[in-house]
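Dear colleague,

Please find the structure below. A short account of what was found in it follows.

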Amino acid sequence: WAARVGGKASVTVLGNKFPPLLDVQRTFYTAAAVAGIHGAGLGNVLFCRPGTHVIEVACQQPHCHYFAHASMALDFQYWFVPLTPRHAHLLRFVEPPEEELLGVVQDVAEEVAAAANAADKPVS
């Protein structure tokens, strides 16, 4: 990610052990892009600024596009990566389609880099 945006970016991964809420709020507020699996953890995008890129990896059914509407309402740039098989929301572990996910990440990185270069400021 950092290489794709000219070395100006950093990546923060939040896993099973979340930091305190204030740190989570700060992390999401300063993010240029957020990627996550469809679910409650992605709800932290509420802390993001307008214009933030949100990549949701979710099942293909329309009911799984929770963050599409929220992204539109909050002025985020929404990206969707569909999981296979069709009923992936019933699985305990999922594997996103690597080529499609990396393609979306590359597109987002290019857009973030272009915006950062236009503003000439570092991004996270």
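A salt bridge is taken here as a side-chain nitrogen of Lys or Arg within 4 Å of a carboxyl oxygen of Asp or Glu. By this rule the count comes to one. The partners are R26 and D23, whose closest N and O atoms are 3.0 Å apart. Because these two residues are three apart in helix α1, about one helical turn separates R26 from D23.

This is a predicted model, in which local features need pLDDT of at least 70 and side-chain atom pairs count only at pLDDT 80 or more, while totals for chains, interfaces and linings use all residues. Residues are numbered from 1 along each chain as its sequence is written, and side-chain values use heavy atoms, with hydrogens and water left out.

The mean pLDDT (the predictor's confidence in each residue, from 0 to 100) of the protein is 84, and 88% of its residues reach 70 or more.

The charged end of R49 sits over the ring of Y29, 5.4 Å from its centre; the rule asks for NZ of Lys or CZ of Arg within 6 Å of the ring centre and within 35 degrees of the ring normal.

The largest pocket (on a 1 Å grid over the protein atoms alone, an open set of points where a 1.4 Å probe fits, with protein on both sides within 12 Å along at least five of seven lines) has a volume of about 960 Å³. Of its 29 lining residues (an atom within 4 Å of a point), T12, L14, V34, A35 and G36 are the closest to the centre. The lining has 18 nonpolar, 11 polar and no charged residues.

Kind regards

Notes: Points joined across faces, edges and corners; volume = space filled by probe spheres on them. Nonpolar A, V, L, I, M, F, W, Y, C, P; charged D, E, K, R; others polar. Helix = DSSP H or I, 4+ residues; strand = E, 2+ residues; numbered from the N terminus.
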